[in-house]
Amino acid sequence: MIHRHTPRAALRAMAAAIASLGLLAAAGAQAAPAAPAVNTLSGWARLPAFTFSDGPTSGQFAFSNAASPANNPPYVNLQPVQGFSGVLQGANGSYQMLVDNGFGSKANSADALLRMYAVQVDWAAHTVSAADFNTGAVLGGFSAASRITLSDPDHKLGFGIVADGLNYPGLTTQGVTGATVAVDASIKAGRLLTGGDLDLESVRRDRNGNLWFGEEFGPFLVKTDASGVVQKLIQTPNVLGLGSNPFVQSPSSPLITGATNLPGSGGFEGMAMNASGTMLYTLLERPLTTDTDQKRLLVQEFSLGSESYTGNWFGYKLDAAGTNIGDMTAIDDHRFLVIERNGGTATNGTTPFKKIFLIDSSIKDADGFAKKTELVDLMAIADPDDLNGDGSTTFTFPYVTIEDVLILDANTLLVVNDNNFPGGGGRALTSDNTEFLKITLAAPIPEPGSWALMAGGLALLGALARRRRA
């Protein structure tokens with residue numbers, strides 16, 4: 001028996017379902033706090049530049065800062081807790097912060113250990129404290145319990161590291177020649193990794209608890225276990241085939257495969273893992289030198305299942321005022337947040353450009369660039385309560401490098417700078433502090449699940465309507 005009115009009944013049912021969904025969404029919107037009219041600073045805290053953990057003497061070959069002589073190296077039996085270039089959510093509201101290579105270059109960072117530290121932020125007191133890396137409990141200081149240190153005891157990197165030498169590499173600075181200074185015994189014994197080996201700029205944790213680091217010297221992807229022991233190193237394919245080198249290679253690469261085709265410090269400053277936990281998306285900080293479009297940054301897709309690049313890519317288009325990216329994090333399987341910047345600060349005479357953009361890789365133009373929408377101008381954030389105490393109700397974030405963004409919820413972002421210790425010049429010439437920002441967005445990031453459900457319902461409703469007309 002044929003029911004001639006089934007399509008109409010289905011139409012009515014679908015319409016009712018969508019109306020119900022709309023009512024639920026409206027109810028949720030009414031229940032949620034009203035969004036501010038502008039992006040607003042809702043939390044601010046500071047980690048002083050002069051913050052250290054125990055470890056081998058560091059900074060023996062590093063630069064000094066004349067404006068902050070008390071902060072200048074060397075740091076005897078100490079490692080600076082600084083240079084945060086990546087962030088993960090930790091236990092009990094803590095954050096796990098990745099330090100980069102140490103003092104800004106391969107040559108001056110051979111005694112700086114590659115570590116991740118856990119911190120707790122007290123937003124009311126505006127302070128940042130050490131935390132237990134596994135539990136998130138507040139600690140009295142940065143110690144072994146607050147960190148992991150990367151190492152390569154099984155020689156998985158495939159090239160020699162600082163720990164293999166008798167003396168540090170032969171850089172002469174501050175009257176000290178590295179070749180005359182013995183590598184610290186703890187570095188040698190554990191084959192601990194230093195900033196003379198890798199420059200880690202981004203980090204993600206996979207479903208099995210392994211850590212994946214985006215690196216700049218290669219650039220490489222580096223896989224470690226949960227404790228930081230290296231498991232694997234993956235080189236970066238030249239997916240567009242621009243030039244003769246089959247891989248992307250920076251001038252600092254320890255694995256030479258052909259002509260250099262990436263500027264120094266141009267590797268994986270940003271790396272996101274999709275919401276499904278199946279893919280990494282690696283974002284180069286700077287364009288390939290062989291690319292005719294010097295505003296194109298490549299994002300390549302990497303499968304965590306096969307532990308290999310898939311060959312898929314899309315482009316990130318730098319703004320006319322933008323020169324580098326600072327970090328990238330995923331909203332879902334195709335939308336991402338990216339920090340973009342230039343080198344401007346409050347002290348160097350260049351107008352600072354520091355923004356967060358939302359990009360959508362499911363919407364690309366003819367040249368393969370993902371759709372890009374401005375989300376936050378970090379130089380113009382409302383601060384009605386003057387949380388940082390500078391006397392202004394507009395907050396600015398004028399640091400050279402801003403390298404950490406974490407989505408706390410649909411309305412709130414965590415943003416943290418890399419302070420390039422002992423350097424300065426962000427807000428003043430003295431050594432920059434590390435600032436933690438909590439930003440409440442003027443408009444929440446749409447939750448993909450609800451919108452997908454509504455879009456699917458509307459599409460089905462349209463199909464049924466067309467069938468009814470036919």
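How many aromatic pairs does the structure hold? The structure holds 16 of them. Before I turn to individual rings, please keep in mind that this is a predicted model.

I begin with confidence. The protein chain has an average pLDDT of 89, and 85% of the residues reach at least 70. Two stretches fall below 50. One is residues 1-33, with 16 contacts in the model beyond near neighbours in sequence. The other is residues 449-470, for which the corresponding number of contacts is 17. Where pLDDT is low, the predicted coordinates should not be read in detail.

Let me return to the aromatic pairs. Phe 50 and Phe 52 meet edge-to-face, with 4.7 Å from centre to centre and 70 degrees between the planes. Phe 50 counts as partly exposed because its relative accessibility is 48%, and the buried class ends at 20%. Phe 52, by contrast, has a relative accessible area of 14%, so it is buried.

Phe 52 also pairs with Tyr 75 in a tilted arrangement, at 5.0 Å between centres and 50 degrees between planes. Why does this pair tie together separate parts of the chain? Phe 52 belongs to strand E2 (residues 52-54), whereas Tyr 75 sits in the loop between E2 and strand E3 (78-80), so the linked parts are 23 residues apart in sequence. Tyr 75, like Phe 52, is buried. Ring pairs join Phe 50, Phe 52, Tyr 75, Phe 103 and Phe 421 into a cluster.

Next, the nonpolar cores. The largest comprises 32 residues, and those with the most contacts inside it include Met 116, Leu 157 and Phe 213. Strands E6 (115-122), E11 (200-205), E12 (211-215), E13 (220-224) and E14 (230-235) each give two or more residues to this core. Leaving aside residues up to four places away in sequence, Met 116 touches, among others, Leu 88, Phe 133, Ile 148, Val 203 and Phe 213. A second, separate core has 23 residues, including Leu 41, Ile 331, Leu 358 and Tyr 399.

Finally, a sheet. Four strands, in the order E19-E20-E21-E22, make up an open sheet with antiparallel pairing. Strand E19 (324-330) and strand E22 (370-377) each have a single partner strand, so each stands at an edge with one side lacking a neighbour in the sheet. From one strand to the next, the twist averages 25 degrees. Within the sheet, strand E20 (residues 335-341) and strand E21 (residues 354-364) are paired antiparallel over seven bridges. Arg 341 is found opposite Lys 354 of E21.

Notes:
Residues numbered from 1 in each chain as written. Predicted model: local features only at pLDDT ≥ 70, side-chain atom pairs only at ≥ 80, totals over all residues. Heavy atoms only, no water. pLDDT = per-residue confidence, 0-100. Contact = heavy atoms within 4.5 Å. Pairing = 2+ DSSP bridges. Axes fitted to C-alpha atoms, helices over the stretch in contact; angles between N-to-C directions. Core = buried A, V, L, I, M, F, W, Y, C linked by side-chain atoms within 4.5 Å. Buried < 20%, exposed > 50% of the residue type's maximum accessible area, 1.4 Å probe, protein only. Phe/Tyr/Trp six-rings, centres within 6.5 Å; stacked < 30°, edge-to-face > 60°.
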